[in-house]
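Student: Could you take one part of this chain and look at it closely, explaining each term as you use it? I would like to see how that part connects with what lies around it.

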Amino acid sequence: MTQYTQPHAAGDHSACIRLVPIFNHLEESSMDRIAGKAHTNHYQKGEFLFRSQEKDDALYIVNRGKVRIYRLSDSGKEQLVRILNPGDFTGEWTLFNPDAVHEEYAEATRDTSVCMIQQQDVQEFLKEYPAISLKLLGEMSQRLESSERQTAQVAVESVITRLVLFLAENVEPEIGNSPTITLPMAKKDIASYLGTTPETISRKFGELEDEGLIQQLSGKRIKIQDLDDLLLYSE
């Protein structure tokens with residue numbers, strides 16, 4: 001598999017920069033300046049943007065494709081952290097910790113294009129545009145909260161409870177009590193994210209369907225018959 005790099009040019013990266021919430025609130029000229037400092041890497045399915053314990057100093061922004069971020073336990077068990085879609089980014093911790101190494105793996109799950117901005121350039125933009133810092137801190141706070149919630153659920157909750165909470169978290173606000181949601185990832189990735197096996201997750205989806213709480217539709221869509229009943233359900 002071959003990874004190749006495209007030389008940077010503002011025109012090539014402006015669309016990528018405009019996908020990202022930490023940048024897309026800026027004026028057009030400011031986003032063009034940031035785009036001018038970016039360069040693009042292309043990854044084929046199965047290639048790694050980075051691996052655990054590698055040192056790095058770049059912010060990675062997914063322009064096209066999909067990237068899975070995961071950790072490996074001491075026993076080699078995989079724990080999915082999150083899935084990155086176009087507009088999502090990773091590598092933010094290394095921006096503030098120059099000597100830090102990655103604690104996670106970032107793997108392209110399909111052919112993927114990633115815009116990269118080096119640490120020094122990002123830090124200059126943080127000084128010039130303080131609003132970026134606030135957006136970045138907000139995103140990092142959300143990720144920390146999500147990580148802590150995920151750890152707590154895996155430690156103390158049953159698999160069915162974890163799955164129910166996962167489904168509920170993917171319901172859009174004010175969508176009603178009988179929503180249809182689209183799973184944000186494949187079931188095998190949901191299993192990894194929730195700290196269990198694909199076989200167990202499949203059984204638990206079947207259990208919820210047998211109980212009349214959900215209906216599994218095509219295209220990763222799930223119909224929740226009654227959200228309140230689903231949340232009350234337990235083993």
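Tutor: The buried residues of helix α8 are covered by a set of elements that includes α6, α7, β11 (214-216), β12 and α9, where helices (H or I, at least four residues) and strands (E, at least two) are DSSP runs numbered from the N terminus. The model is predicted, so local features need pLDDT of at least 70 and side-chain atom pairs count only at pLDDT 80 or more, whereas totals for chains, interfaces and linings use all residues. Residues are numbered from 1 along each chain as its sequence is written, and side-chain values use heavy atoms, with hydrogens and water left out.

The residues of α8 that are buried (under 20% relative accessible area with a 1.4 Å probe, protein chains only; exposed is over 50% and partly exposed in between) are T200, I201, K204, F205, G206 and L208. Since the expected span is 1.5 Å times one less than the number of residues, the 13 residues of α8 should span 18 Å, which agrees with the 18 Å between its end C-alpha atoms. Just after this helix, G212 takes a positive phi of about 80°.

F205 deserves a separate word: leaving aside neighbours within four places in sequence, F205 is in contact (heavy atoms within 4.5 Å) with L163, L167, L183, K187, I190, I214, Q216 and I222.

F205 and L208 also appear, together with L167, I190, I214 and L230, as the residues that touch the most other members of the largest nonpolar core, which has 28 residues. Such a core is a set of buried Ala, Val, Leu, Ile, Met, Phe, Trp, Tyr and Cys residues joined through side-chain atoms within 4.5 Å. At least two of its residues come from each of β6 (78-84), α6 (159-169), α7 (187-193), α8 (198-210), β12 (221-224) and α9 (227-232), and α6 gives the largest share, six residues. Because domain 1 (10-155) and domain 2 (157-233) both contribute residues, this core lies between them; the domain bounds come from an automatic or database domain assignment. A further core of 23 residues, including V20, M31, L126 and L136, lies apart from this one.

Turning to the two domains themselves, their centres, taken over C-alpha atoms, are separated by 27 Å, and 15 residues of domain 1 are in contact with eleven residues of domain 2.
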